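Colleague: Before I use this model I would like to go through its assignments one at a time, and to hear the reasoning behind each label.
Modeller: Then ask about each label in turn.

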Amino acid sequence: MSTAEIGLIGLGTMGAALASNIADNGFDIAVFNRTTSVTNEFHATAGELAAKITPTETLEDFVAAIAKPRAIILMVPAGDPVDQQIAALRPLLDDDDLIIDAGNALFHDTNRRAREATAPFLGIGVSGGEEGARFGPAIMGGGKREYWDRVEHILKAISAKFQDEPCATYMGEEGAGHFVKAVHNGIEYADMQMIAEVYGVMRDGMGMSAAEIGATFARWNEGPLASYLIEISGEVAKATDPASGKAMLDIIVDAAGQKGTGRWTAIEAQHLAAPIPAIEAAVVARNLSSRMDERAAGEDLFGTAPQKIDSITLDQLEQALIAGKVLCYAQGFTMIEAASDSYGWSLPLPAIAQNWRAGCIIRSAMLDDMATALGENPDRNLMFAPVFADYLKANHQALREVVAAGALGGVAMPALSSGITYFDAMRTKRGTANMIQGQRDYFGRHGFAKFGVDGKDHHGPWAD
């Protein structure tokens with residue numbers, strides 16, 4: 001009998017957590033996984049939720065278990081597996097059945113799937129990791145509004161809540177939801193990198209122990225930097241390896257993994273001509289971290305880079321991170337605005353900031369003020385909004401001093417360095433690109449604009 005209100009395919013870490021969340025919120029759900037033993041084990045270990053879950057062994061049984069019109073969530077790896085799953089599933093469905101790709105899809109793929117779809121299709125970004133998927137993620141929807149409306153009650157029920165407001169938001173047509181999720185992940189890369197850089201100053205420049213660093217992050221989490229990433233950074237730093245008794249951080253290999261979403265964001269920013277140097281620097285830093293043999297050879301050849309730093313304080317580090325965070329988020333929202341204009345999505349910037357206030361990895365105390373500032377003027381760079389301008393006025397000098405001390409002490413700070421560069425460029429009325437325009441005209445006759453003279457195709461005397 002078709003009783004399940006929704007179905008889910010893919011019972012990996014995220015899929016299993018999301019299915020449990022759906023059942024936990026009172027919805028009957030049918031589940032399917034390509035490996036039948038995974039489905040059976042999931043159902044067998046579901047406890048009191050098992051009564052809300054219908055395990056199935058074939059796609060035909062799975063489809064038959066869902067009430068019409070059907071809604072089916074795909075939690076399979078991004079790329080070809082999504083296309084293959086849709087191709088296998090669609091012939092078994094009715095014309096009005098809805099497929100929802102909730103994986104980490106590249107938004108260009110979601111655009112294509114939405115345009116090719118002959119039946120209802122949604123692409124939604126889901127953020128929050130396994131814990132978020134299980135107990136309340138931030139959900140970013142893309143596709144036709146009428147399709148979102150069909151499942152909105154479920155998505156809002158399972159989402160994270162900020163002061164009782166669901167963090168499940170319709171973003172716009174086609175791949176808008178997956179695009180917003182990609183920018184979220186790009187900001188996540190940058191935020192994590194800046195925290196890692198400050199950790200490096202404390203460890204290598206100040207000689208602090210992991211426990212001392214953990215206590216510092218815990219203290220910072222009570223102020224303007226209060227956020228999920230600062231909170232867990234403190235927990236990670238304070239943790240001890242049960243096997244060796246050493247600080248956990250001291251035995252973790254310093255090569256950062258990545259699944260590609262930060263790289264996607266950096267690449268797309270170039271297409272949009274949207275300046276996001278903090279995110280780009282974070283992607284570069286992860287790439288550099290993987291070159292362990294080369295880094296070791298470099299240390300042997302040139303000597304150890306990090307040196308003792310005694311010219312800055314922990315308060316200055318906190319201030320530097322505050323300024324860097326504001327600049328990073330400002331860049332992310334600037335990119336979202338550029339995509340909104342380029343793709344005609346009308347992305348709701350204030351609602352995006354509200355969506356990220358709970359459940360997602362970059363949730364932060366600052367996001368409520370960001371939502372307010374974007375609501376007042378969504379076209380204004382976030383760094384120019386009064387509350388964030390005040391943050392920068394109060395803290396940019398500390399960011400400058402920390403970056404300078406890091407450079408002198410050999411502590412790499414790509415993301416924080418990019419932040420102060422972005423800040424200075426964005427507050428310089430008369431920049432230096434006139435030299436570039438002169439050079440371009442000299443070797444390529446590209447022309448330039450002149451102050452007080454109409455037109456953009458002027459040339460220098462070298463053109464004669």
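Colleague: What is the strand order of the open sheet of eight strands, and which kind of pairing does it have?

Modeller: In this predicted model, the order of the eight strands is 3-2-1-4-5-6-7-10, the sheet is open, and the pairing is mixed. Averaged over the sheet and with direction ignored, neighbouring strands are turned by 25° against each other.

Colleague: What makes strand 3 and strand 10 edge strands?

Modeller: Strand 3, residues 53-55, and strand 10, residues 168-172, each pair on one side only, and they are therefore the edge strands under a rule that asks for at least two bridges between paired strands.

Colleague: How do you know that strand 4 and strand 5 pair, and in which sense do they do so?

Modeller: At least two bridges are needed for a pair, and strand 4 (residues 71-74) and strand 5 (residues 98-101) have four, in the parallel sense. Among the partners, Ala 71 is bridged to Leu 98, and Ile 73 stands opposite Ile 100. Strand 4 also pairs with strand 1, again in the parallel sense, over three bridges, with Gly 7 opposite Ile 72. Strand 1 in turn pairs with strand 2 (residues 29-32) in the parallel sense over four bridges, where Gly 7 has Ala 30 as its bridge partner.

Colleague: Which residues of strand 4 point one way and which the other, and are they buried or exposed?

Modeller: Ala 71 and Ile 73 point one way, Ile 72 and Leu 74 point the other way, and all of them are buried. Strand 1 can be described in similar terms: Ile 6 and Leu 8 point to one side, Gly 7 and Ile 9 to the other, and all are buried. Such alternation between the two faces of a sheet is what a regular strand gives.

Colleague: What does helix 4 touch on the sheet, and what angle does its direction make with that of strand 4?

Modeller: Helix 4 (residues 80-89) packs on the sheet and touches strand 1 (6-9), strand 4, strand 5 and strand 6 (121-127), while its direction makes about 155° with that of strand 4.

Colleague: Why are the buried residues of helix 16 said to line one face?

Modeller: The buried residues of helix 16, which spans 366-376, are Met 366, Leu 367, Met 370, Ala 371, Ala 373 and Leu 374. Viewed down the helix axis they fall within an arc of 170°, so they line one face of the helix. The general background is that an α-helix has 3.6 residues a turn, so residues three or four places apart point the same way. The buried residues of helix 16 pack against helix 14 (314-343), helix 15 (349-355) and helix 17 (386-409).

Colleague: How many disulfides are there, and what is the reasoning for Cys 167 and Cys 328?

Modeller: The count is zero. For Cys 167, the nearest cysteine sulfur is that of Cys 360, 7.4 Å away, whereas a disulfide needs two sulfur atoms within 2.5 Å, so Cys 167 is in no disulfide. For Cys 328, the closest cysteine sulfur also belongs to Cys 360, at 13 Å, which is too far for a bond.

Colleague: Why is Cys 167 called buried?

Modeller: Its relative accessible area is 1%, and buried means under 20%, so Cys 167 is buried. Cys 328, at 1% relative accessibility, likewise counts as buried.

Colleague: What makes Gln 163 and Asp 164 exposed?

Modeller: Exposed means over 50%, and Gln 163 has a relative accessible area of 64%, so the label applies; Asp 164, at 72%, counts as exposed too. Gln 163 lies in the loop between strand 8 (161-162) and strand 9 (165-166), and Asp 164 is in the loop between strand 8 and strand 9 as well.

Colleague: What is phi at Gln 163 and at Asp 164?

Modeller: Phi is near 50° at Gln 163 and about 70° at Asp 164, positive in each case although neither residue is a glycine. Most residues other than glycine have a negative phi, and most peptide bonds are trans.

Colleague: Where is there a cis peptide bond, and what is its omega?

Modeller: A cis peptide bond joins Lys 68 and Pro 69, with omega about -15°, and Pro 69 lies in the loop between helix 3 (59-64) and strand 4.

Note on methods
Residues numbered from 1 in each chain as written. Predicted model: local features only at pLDDT ≥ 70, side-chain atom pairs only at ≥ 80, totals over all residues. Heavy atoms only, no water. Buried < 20%, exposed > 50% of the residue type's maximum accessible area, 1.4 Å probe, protein only. Arc of directions from axis to C-beta. Contact = heavy atoms within 4.5 Å. Axes fitted to C-alpha atoms, helices over the stretch in contact; angles between N-to-C directions.
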